[in-house]
Structure formats: C-alpha cells, structure tokens
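Me: I am new to protein structures and would like to learn why certain labels are used. Could you take me through a few of them?

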Amino acid sequence: MSHKCDDCGEEFETLSRLRLHDCSADGSLEGSSLTQSNERKQQHTTERSDEEQVGELDDLLVTIHNGDSTALHQAVATYETQLASAHELGNSDRYRSISRAYRVELITALDDATQTEGFAFLGEFLDAYHPETADDFPHVTSILQNVSSRYLIRTRVSDGIEAVPVPILEFYSSILDRVGGDGYDFINEGLHPYGWGIGHPDHSVADDILDHVLTDIFVTNPMLEHTFYADQHLAIDLLERIVHNDSIQETISRPHREVSDTRYLLDAPAGAVSDFDPTIPRYWEWQEELDYEFILDDDVEQRIRQLVAEHGIDDDLPSDWVVSDLTL
C-alpha cells in the first residue's frame, strides 16, 4: 500500500518515508520539481537503514494506540537513539524531520499514559533521561518537560501544591542549573511552567527563580509569569524579593530604548492579565481544559502599582494606566 502526501502529492512505499520526507507544497510547483524529487529519492535510498529503524516507531505507536502503554519505553528509547544519531552526524534536516514526525504523538501518548497510570509511570522516564545522566541534555528532554508541565499544572489546580511530586520539581531544577547561552531554545521555553511549583513545602521554586535572575532574566520572566497563574500572592512576594535585591540593578536593551530589570520583570504580571493565552506547554490548551481564568486580586494590583511608583516607571505610562499596559 502506498502513502500519498496531501501537500505535495508524492507517494511513498511506507508510512515512515511519508513521515520523514521534507515536504514543500510550494516547491513542488517550481520548475525544479523533478530535480527535487530525484534528490529525495536518493536521500531515501541512502537512509534506508535509518528509515527501517525509525519505522519501528510507527509499529510501536500503533501498539500504544491499541492500549499497550508499556511500548512507550521502547518508543521513547528509539526516538532518543535516532535523534542522537542524527545529531552526531550533523544531519540537522533529518533531526528536524524525525522530531516533527513523532514529537507531538509521543507527548500525547506519554501524557495519556501518565493520566491513566499515575506519576510513577512518568517518573520512570524522568529517572531514565534525567539531565544528570549525560554530559548534554537527552534529546527527549523537551518531551518530558511538556508532559511534566501538564502533570504539574493539573495536579496543582485539582489537588493543591502539596500533591505535586518533588521529583518533577527536582527535574526542572536540574535543567535550570545547566541551561545557559544559545542552543537550548526549546528546553528554555520548557522551563516556563516550573513557576507552577511555587510554594511547595519541600522544594523552593522561588529560591531557584531568584537565583536564576542573574543568569538569564529572559527565562526568569516567563517562569515568573507562571508563578502568577499558580499563586499570585506568592508571586508578588517573589517579584518584590527580586526587585529589592541590590545585585539585580541592570538594564536591558529593547528596541528603541533601555529598560531596567524591574521594568522588564513587571511584564510577568502584565502577561498574566493580558488577552493572550499562554502557549507553553505546547500543544495543550490548559486554560480551556481546566476551565481556568486568571483574575488579579486588588491587593496584588496595589503592590504592583507601588513597585511601579517606587521605580519611577509610571513616568512612561498613561495617567490612567492598567497592569496590562506594563506588557513589553
């Protein structure tokens, strides 16, 4: 049975070839389409052995969809191995194609299994692919961040912060300790929901975020925004701790102007009250699923206004400004 690409019309002998081909519907209409087709066929031939290995993922996903969640262990291991191989060979196109083809399906499958089996099932993967198990981050890190974020948010909303397993927060903390610089965009964004762990009695997310401000304020800001979703009173406590820290008195270059760290971090509560829905964790409308709505308490708003006044930020705001006007 052949498989046809809905975008470009090319047919493939196996589902794996269809999943992994680098499709461009617009490109198929250009005069060089025959050359592009020949190049793809040559690539398929040279990568046949890899394709056969990746094809195992298709079979495993079918098994998983049929109710056997134990096949997830092999599926995640195969995905990790294939991405590691593509990375070592410097084959960025293949790396992206494998990630595009299987990332969302693996996230969905692992999330479904975790909801059915409980945290212990997810915990096995966090142990197996923990950041401390390798010199660099495992390639499945962002998948585990995504599923862990969903578990963290659901658990906090339904059962409270005390019900959140500490290993999830330790997993985030270990990543936070190691990120820095370029090359970790997806892993950095996967850290944003760590803020939902604020107030845990056995793990101080607030201290971790405070410590990270000096390392990377651009990751700190969205983590801080998520703390507002989780507990706005603890979040404003943390924001005040940060802006009153004498070590955090830098300026940040923004288009057409310089802004202080304090001004930049005030974007966090502004984001929480804005009309824009948070997009992290990806592929999940958590506000819709959990019927969640953020409403800023009056006392928290007054504390934000006090910070704005103390730092002279209101000089650049309308006279009738509201918290959403602090969005950068």
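Here are some questions and replies about the labels used for this model.

Reply: Happy to help! This is a predicted model, where local features need pLDDT of at least 70, side-chain atom pairs count only at pLDDT 80 or more, and totals for chains, interfaces and linings use all residues. Residues are numbered from 1 along each chain as its sequence is written, and side-chain values use heavy atoms, with hydrogens and water left out.

Me: Why is Trp-196 called buried?
Reply: Buried means under 20% relative accessible area, exposed over 50%, and partly exposed in between (1.4 Å probe, protein chains only). Trp-196 has a relative accessible area of 1%, so Trp-196 is buried.

Me: What makes the pair of Trp-196 and Trp-286 edge-to-face?
Reply: A pair of aromatic rings is described by the distance of the centres and the angle of the planes. Rings of Phe, Tyr and Trp (its six-membered ring) pair if their centres lie within 6.5 Å; planes under 30 degrees apart count as stacked, over 60 as edge-to-face and the rest as tilted. Here the centres are 5.3 Å apart and the planes are at 90°, so this pair is edge-to-face. The two residues are 90 residues apart in the chain, with Trp-196 in the loop between helix 9 and helix 10, and Trp-286 in helix 15. Helices (H or I, at least four residues) and strands (E, at least two) are DSSP runs, numbered from the N terminus.

Me: Why is the pair of Trp-196 and Tyr-292 called edge-to-face?
Reply: Their ring centres are 6.0 Å apart and their planes are at 65°, so that pair is edge-to-face as well. Trp-196 and Tyr-292 also belong to one aromatic cluster, together with Tyr-229, Trp-286 and Phe-294.

Me: How do you know that Tyr-292 counts as buried?
Reply: The relative accessibility of Tyr-292 is 18%, so Tyr-292 counts as buried.

Me: Why is Tyr-283 called partly exposed?
Reply: With a relative accessible area of 43%, Tyr-283 falls between the two cut-offs, so Tyr-283 is partly exposed. Tyr-283 is in the loop between helix 14 and helix 15, and its phi is near 65°, a positive value in a residue other than glycine.

Me: What makes Asp-291 exposed?
Reply: The relative accessible area of Asp-291 is 72%, so Asp-291 is exposed. Asp-291 lies in the loop between helix 15 and helix 16, and its phi is near 50°, again positive in a residue other than glycine.
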